[in-house]
Amino acid sequence: LYVGKAVDLRDRVRSYADPRGERIRRMVRRAAAVDFAVTDTETQALLLEANLIKRHQPRYNVRLKDDKSYPLVQLTNHPVPRIEVTRDPDEAATVFGPYTRKTEVETVVKALRETYGVRGCSDHKYSGRERPCLDYEMGLCTAPCTGEIGEEAYREDVASVVRFFEGETGVLADPLRRGMEQAAQNEEFERAANLRDRLETVEAFHGEGGE
């Protein structure tokens with residue numbers, strides 16, 4: 001009938017004793033039992049909630065039925081994959097998430113692109129180029145479109161991105177930390193502070209509700 005998450009299960013169930021809306025009243029009348037699962041973090045609870053809703057399509061869940069209530073990260077199913085934050089992923093894409101904080105997800109994706117050069121452009125912009133675009137000049141892409149990097153080397157960088165989203169934080173945290181330390185040595189204090197802030201976001205990403 002319904003899938004939800006709560007920090008305090010007792011309080012959550014008690015709230016249904018006097019439901020405010022008719023939709024919830026109908027749900028309570030039909031309910032015969034409550035099943036629950038315990039997770040270690042709020043992020044894990046969100047992921048479990050989203051997966052159960054996608055699998056069972058409960059009639060009283062309004063949000064998350066189509067996976068569009070929270071941002072996802074997708075790597076497209078191309079020979080040269082594109083990375084992007086989306087609420088409507090491609091069917092054949094490799095998808096990570098959902099995540100709870102879009103701003104932090106975007107920070108992480110930008111840091112990954114600066115570190116590994118994975119493209120974020122549309123297929124229209126990618127195809128038929130004779131010279132790299134501005135993303136290459138800004139250090140956000142290694143320009144596989146014009147052969148500045150070979151497809152095999154590019155796919156190795158994409159594999160590193162996948163490892164990060166699968167939980168290997170050091171894939172991104174380590175190069176950020178090295179960059180921060182180098183910037184501090186060069187007395188580039190503004191850049192060092194910026195990298196420090198990104199590093200904190202990255203290190204919290206797989207932690208307790210970091211997304």
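Helix 4 (residues 102–116) and helix 7 (residues 151–165) pack at an angle of about 150 degrees, and their axes lie 10 Å apart. Because angles over 145 degrees count as roughly antiparallel, helix 4 is described as roughly antiparallel to helix 7. The structure is a predicted model. The points below cover helix packing, salt bridges, a nonpolar surface patch, backbone geometry and separations along the chain.

**Helix packing**

- Two packed helices are described by the angle between their axes and by the distance between those axes.
- In addition to the angle of about 150 degrees and the axis distance of 10 Å, the pair has a handedness: helix 4 passes helix 7 in a right-handed crossing.
- V108 belongs to helix 4. With a relative accessibility of 0%, V108 counts as buried, because the cut-off for burial is under 20%.

**Salt bridges**

- Side chains of opposite charge can pair when their charged atoms come close.
- Across the whole structure, a search finds 14 salt bridges; three of them are described here, in helix 1, in helix 4 and between R82 and D90.
- In helix 1 (residues 9–14), the side chains of D11 and R14 form a salt bridge with an N to O distance of 2.8 Å. D11 and R14 are three residues apart in this helix, so about one helical turn separates them. D11 has a relative accessibility of 42% and therefore counts as partly exposed.
- In helix 4, K102 and E106 are four residues apart, about one turn of the helix. Their side chains meet in a salt bridge at 3.8 Å, N to O. K102 is partly exposed, at 37% relative accessibility, and E106 is also partly exposed, with a relative accessible area of 37%.
- A network of salt bridges with shared partners joins R82, E84, D90, R119 and D123.
- Within this network, the side chains of R82 and D90 meet at 4.0 Å, N to O. R82 is buried, with a relative accessible area of 9%, whereas D90 counts as partly exposed at 36% relative accessibility.

**Nonpolar surface patch**

- L9, V13, V34, F36 and V38 form a nonpolar patch on the surface, and together they have about 510 Å² of accessible area.
- One member of the patch, V13, is found in helix 1. V13 has a relative accessibility of 39% and so counts as partly exposed.
- Helix 1 also contains R12, which counts as partly exposed at 23% relative accessibility.

**Backbone geometry**

- Most residues other than glycine have a negative phi, and most peptide bonds are trans. The following positions depart from one or the other of these patterns.
- The peptide bond from G97 to P98 is cis, with omega near 5 degrees. P98 is placed in the loop between strand 3 (94–96) and helix 4.
- Q57 is not a glycine, yet its phi is positive, at about 50 degrees. This residue lies in the loop between helix 3 (42–56) and strand 1 (72–75). At 41% relative accessibility, Q57 is classed as partly exposed.
- E187, likewise not a glycine, has a positive phi of about 60 degrees. The loop that holds E187 runs between helix 8 (170–185) and helix 9 (189–205). Its relative accessibility is 59%, and E187 therefore counts as exposed, since the cut-off for that class is over 50%.

**Separations along the chain and in space**

- R12 and M180 are 168 residues apart along the chain, and their C-alpha atoms are separated by 44 Å.
- V108 and K125 are 17 residues apart along the chain, with a separation of 23 Å between their C-alpha atoms.

Terms used:
Residues are numbered from 1 along each chain as its sequence is written. This is a predicted model: local features need pLDDT of at least 70, side-chain atom pairs count only at pLDDT 80 or more; totals for chains, interfaces and linings use all residues. Side-chain values use heavy atoms; hydrogens and water are left out. Patches are made of residues with over 30% relative accessible area and no salt bridge: like charges are joined within 9 Å, nonpolar side chains (Val, Leu, Ile, Met, Phe, Trp, Tyr) within 5 Å. Accessible areas come from the Shrake-Rupley method with a 1.4 Å probe; for residues, only the protein chains shown count as cover. Helices (H or I, at least four residues) and strands (E, at least two) are DSSP runs, numbered from the N terminus. Buried means under 20% relative accessible area, exposed over 50%, partly exposed in between (1.4 Å probe, protein chains only). Axes are lines fitted to C-alpha atoms, for helices over the stretch in contact, and angles run from 0 to 180 degrees between N-to-C directions. Angles under 35 degrees count as roughly parallel, over 145 as roughly antiparallel, 65 to 115 as roughly perpendicular and the rest as oblique. A crossing is left-handed if the near helix is turned anticlockwise from the far one by less than a right angle, and right-handed if clockwise.
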